[in-house]
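Visitor: Before we discuss any label attached to this protein, please show me the structure, and then explain the reasoning behind each term.

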Amino acid sequence: MGPSPDVQTSCILTSLKGGPNSRELIAGQIVKVLIGIANKGERDLIVKSCETSFRYPLDFSYYTQNFSTVRYERLVQPKQEATFDYAFIPSDVFIGRPLGLVVDLHYVDTDGQYFVSAVFNETVTITEDETGFNTETYFIYLILAGFVVILVLIAHHYITKFTRSSSGKSTSNKTSSNNISNVPSNYEMGTNKNDVDFEWIPRNNLDLKSAQKTTPSRNRKQPRQAAAS
């Protein structure tokens with residue numbers, strides 16, 4: 001099976017490392033293929049599907065990897081054009097290796113005749129992604145960030161616990177000191193009689209108090225004298 005003489009095709013690869021004219025595909029990144037078809041005949045065409053594969057560069061009949069088939073089932077009338085897209089991701093295992101890239105477009109006419117047009121059939125090179133970011137690196141940084149957060153939470157927990165414990169002990173010691181200082185003394189010092197100010201007491205009261213102190217002593221002497229006589 002080959003292409004129809006009434007069909008003209010074109011193909012553009014996007015997301016290439018060096019631009020549209022480059023033939024370097026980046027491993028792990030989506031490569032988009034834009035396929036254009038022009039029906040220059042007098043009969044309708046039905047675009048059936050598109051197939052893409054990697055081939056051995058020295059022998060394109062040897063398949064290295066097949067990609068999924070995309071089905072379109074789209075009608076292209078005479079003197080009309082249509083565009084189709086296809087996407088695939090080159091594997092990391094092919095980094096540094098040249099490979100033959102073949103993109104086949106399958107279509108039929110109204111008579112049921114089947115055609116296949118190789119819209120792209122060239123050698124490409126698979127290169128490494130040099131953007132500095134990949135999924136593995138992202139997950140490594142994510143795990144490290146999780147460990148850091150856990151360590152911070154543990155440190156915060158122990159610091160808070162230690163601070164509360166120290167604060168509780170300080171408050172307890174302060175309360176005990178206050179209780180001891182508030183305990184009343186067991187002894188009171190009386191007032192020294194030499195320090196008493198008698199100026200505010202009337203003089204006659206002081207004389208009366210002195211007379212009361214001397215009177216009993218005289219009364220005690222009288223019985224003693226009577227007993228002696």
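Guide: A residue is called buried when its relative accessible area is under 20%, and please keep in mind that this is a predicted model.

Visitor: What makes Cys50 buried or exposed by that cut-off?

Guide: The relative accessible area of Cys50 is 0%, and because the limit for the term is under 20%, Cys50 is called buried.

Visitor: How do you know how many disulfides the structure has?

Guide: A disulfide requires two cysteine sulfur atoms within 2.5 Å, and a search of the whole structure finds zero such pairs. For Cys11, the nearest cysteine sulfur is that of Cys50, 7.9 Å away, so with the limit at 2.5 Å Cys11 is in no disulfide.

Visitor: Why are strand 8 and strand 9 said to pair, and in which sense?

Guide: Pairing takes at least two bridges, and strand 8 (residues 98–109) shares eleven bridges with strand 9 in the antiparallel sense, so the two strands pair. Leu99 stands opposite Val124 of strand 9, and the two strands form a hairpin with four residues between them, where Gly112 in the turn has a positive phi of about 85 degrees.

Visitor: What makes strand 2 a partner of strand 9?

Guide: Strand 2 (residues 24–26) and strand 9 (residues 114–127) are joined in the parallel sense by three bridges, and because at least two are required, they count as paired. In strand 9, Thr125 is the bridge partner of Glu24.

Visitor: Where does UniProt place the "transmembrane region", and what is the chain there?

Guide: The unreviewed UniProt entry places that feature at residues 138–159, and over this stretch the model is 100% helix and 0% strand, with the end C-alpha atoms 32 Å apart.

How values were computed: Residues are numbered from 1 along each chain as its sequence is written. This is a predicted model: local features need pLDDT of at least 70, side-chain atom pairs count only at pLDDT 80 or more; totals for chains, interfaces and linings use all residues. Side-chain values use heavy atoms; hydrogens and water are left out. Buried means under 20% relative accessible area, exposed over 50%, partly exposed in between (1.4 Å probe, protein chains only). UniProt positions are given in the numbering used here, feature names are shortened, and annotations may be inferred rather than shown by experiment.
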